Amino acid sequence: GVAIAYCSNGINYPMNDILIGVLSICFGKPYQLPDFSKKPMVVDNLEPYKGVYASKQLPLKLTIASQGNQLTAQGTGQPAFPLEPSDKHTFRFDKAGVVIVFDPDKGTLTLKQGGGEFLFEREK
């Protein structure tokens, strides 16, 4: 059997991701250690991303807004969640495994979650 004891103080990394990594390594499964040396990205202008987006693939609208310099997303009937920039036009919410890639020129975003990719278009 395997027993794991986990204790943290002041860590800003999802506990589930840490445990998945530990178990993957213990059982010889492929696992890539995260790169903690990267400095967080800062996006100066969040305006090109804001709006209400709808998808033909999902019966869900996403409202992209900001609170200060923090971009947020909110699905229909769900609470808003913070989006962290990870690359140019790419934002993440790691707790739910969400990656959102914006194409500001086309007014679209691609929601990636759970192995699926869903295209959303900004409503006029």
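# Exercises on a predicted barrel model

H89 sits in the loop that lies between β4 and β5. The exercises below concern a predicted model, and each solution proceeds step by step.

## Exercise 1: the backbone at H89

Describe the backbone and the accessibility of H89, and place this residue relative to the strands around it.

Step 1. Begin with the backbone angle: H89 has a positive phi of about 65°, although this residue is not a glycine. In general, most residues other than glycine have a negative phi.

Step 2. Turn to the accessibility, where H89 has a relative accessible area of 25% and therefore counts as partly exposed, since the buried class requires a value under 20%.

Step 3. Consider the strands on either side of the loop: β4 and β5 run antiparallel and are joined by three bridges, and within this pairing E84 stands opposite R92 in β5.

## Exercise 2: the barrel and its hairpins

Determine the order in which the strands close into a barrel, and then characterise the hairpins formed by β2 with β3 and by β3 with β4.

Step 1. Eight strands close into the barrel, with antiparallel pairing, in the order β1-β2-β3-β4-β5-β6-β7-β8. From one strand to the next, the twist averages 35°.

Step 2. For β2 and β3, six bridges join the antiparallel strands, and T63 stands opposite Q74 in β3. The two strands form a hairpin with two residues between them, and G68 in the turn has a positive phi of about 70°.

Step 3. For β3 and β4, three bridges join the antiparallel strands, and L71 stands opposite L83 in β4. This hairpin has five residues between its strands, and G77 in the turn has a positive phi of about 75°.

## Exercise 3: the core and the rings

Identify the residues that touch the most other members of the largest nonpolar core, and then follow F102 through its contacts and its ring pair with F91.

Step 1. The largest nonpolar core has 18 residues, of which I64, L71, L83, I100, F102 and L109 touch the most other members. The elements that give two or more residues to this core are β2, β3, β4, β5, β6 and β7, and β6 gives the most, with three residues.

Step 2. Leaving aside residues up to four places away in sequence, F102 touches Y49, Y53, I64, L71, H89, F91, T108 and L109; H89, the loop residue of the opening exercise, is thus among the contacts of F102.

Step 3. The whole structure contains five aromatic pairs. For F91 and F102 the ring centres are 5.7 Å apart and the planes stand at 85°, so this pair is edge-to-face. Because F91 lies in strand β5 and F102 in strand β6, the pair ties together parts that are 11 residues apart in sequence.

Step 4. Both F91 and F102 are buried, and ring pairs link these two residues with Y49 and Y53 into a cluster.

## Exercise 4: the cysteines

How many disulfides does the model contain, and how exposed are C7 and C26?

Step 1. The count of disulfides is zero. The sulfur of C26 is the nearest cysteine sulfur to that of C7, at 18 Å, whereas a disulfide requires the sulfur atoms to lie within 2.5 Å.

Step 2. C7 is exposed, with a relative accessible area of 75%, while C26, at 49% relative accessibility, counts as partly exposed.

Note on methods
Residues are numbered from 1 along each chain as its sequence is written. This is a predicted model: local features need pLDDT of at least 70, side-chain atom pairs count only at pLDDT 80 or more; totals for chains, interfaces and linings use all residues. Side-chain values use heavy atoms; hydrogens and water are left out. A nonpolar core is a set of buried Ala, Val, Leu, Ile, Met, Phe, Trp, Tyr and Cys residues joined through side-chain atoms within 4.5 Å. Buried means under 20% relative accessible area, exposed over 50%, partly exposed in between (1.4 Å probe, protein chains only). Helices (H or I, at least four residues) and strands (E, at least two) are DSSP runs, numbered from the N terminus. Contact means heavy atoms within 4.5 Å. Two strands pair if DSSP finds at least two bridges between them. Axes are lines fitted to C-alpha atoms, for helices over the stretch in contact, and angles run from 0 to 180 degrees between N-to-C directions. Rings of Phe, Tyr and Trp (its six-membered ring) pair if their centres lie within 6.5 Å; planes under 30 degrees apart count as stacked, over 60 as edge-to-face and the rest as tilted.
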